[in-house]
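Biologist: I would like a close look at a single part of this model. Please keep the answer plain and connected.

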Amino acid sequence: GVFVRLSVVLALAAFLVGLMVFPSASRLAFGLEGERIARLAGVLVLVPLLDVPRIVCSAALQGERRMAALARVDLGHELCRLILVVSGALYFGSAWGAVLGLLASSVCGSLLALDAYGRERQRHESCLPSLARAVRSRAIPARAALREGVQVGLVRNVDSLGVQTLPTLILGSLGDAGWVAYLRIAQRMVSVARVIMQGINRTALPALSQLAGVKDVPGLRRTYWRASLLSGATITAGLLLALPLLPLVLPVLFPPDFVDPLW
């Protein structure tokens, strides 16, 4: 219940802050072009609100180790996002089509998560509560949950801001749109190898939570390092194996002038 309420409150706060900050920040960074970017960003701040049901249901499924159901939700959401974003961009021929497709995919992802949650509740061995009961629950103080949530959010946003957002904004303001495209495509190519990390994280996090709950510090430390080293070694090995293939793959996928910057 606390998670649901905090998710809604924080999503609303992000929406209001985005509406106030984006117009002036976009004009400052991108000049006249910033007006159009601000309008697109103003619509995109609806995404956290639309994602609340999916995030809450996914957290419950992960906590109960319902990994098959969680994988179906994630895969369905990603497929919806791919199809709807590409279809919107092709149909409208502008960034608005992609944005509307992204909003529609968030709605589809939440519907898939609600359906998966309902199906898992019907299983005989299920301990999942009804959503109405979960919303009314006050087992955890909101202040404590918010404090830990903010700490986790800050840690996770270091990657998003430092690796994804800020370099793109800096290149867009100091360079040109071409180099922004090169950077984003290169980042997406590297992120393909990180997909396997999601499976490892989804399996390790519930185990880490259980060990933390029983105060098993040696077991927590052992499991943490095992999961970290396994995921890091696997991803690094995959990238090293794929690196010699990039000069052969890039000319097939992209125009000639993209090959050197992406490499």
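In which helix do D115 and R119 lie, and how many residues apart are they?

Modeller: Both D115 and R119 lie in helix α5, 4 residues apart, which is about one turn of the helix. Bear in mind that this is a predicted model. Helix α5 covers residues 95–121 and has the highest confidence in the protein chain, at a mean of 91; the chain as a whole averages a pLDDT of 80. The side chains of D115 and R119 meet in a salt bridge, with 2.9 Å from N to O. D115 has a relative accessible area of 40%, so this residue is partly exposed. R119 is exposed, because its relative accessible area is 56% and exposed means over 50%.

Helix α5 also takes part in another salt bridge, between E120 and R72, whose closest N and O atoms are 3.8 Å apart. Here E120 lies in helix α5 and R72 in helix α4 (residues 67–92), so the pair ties together parts that are 48 residues apart in sequence. E120 is buried, at 6% relative accessibility, whereas R72 is exposed, at 53%.

For a pair in another helix, take R54 and D51, whose side chains form a salt bridge at 3.4 Å, N to O. They are 3 residues apart in helix α3 (residues 47–63), so about one helical turn separates them. R54 counts as buried at 15% relative accessibility, and D51 is buried at 9%. The structure holds 4 salt bridges, and the protein chain around them has 12 helices and 0 strands.

Methods:
Residues are numbered from 1 along each chain as its sequence is written. This is a predicted model: local features need pLDDT of at least 70, side-chain atom pairs count only at pLDDT 80 or more; totals for chains, interfaces and linings use all residues. Side-chain values use heavy atoms; hydrogens and water are left out. Helices (H or I, at least four residues) and strands (E, at least two) are DSSP runs, numbered from the N terminus. pLDDT is the predictor's confidence in each residue, from 0 to 100. Buried means under 20% relative accessible area, exposed over 50%, partly exposed in between (1.4 Å probe, protein chains only).
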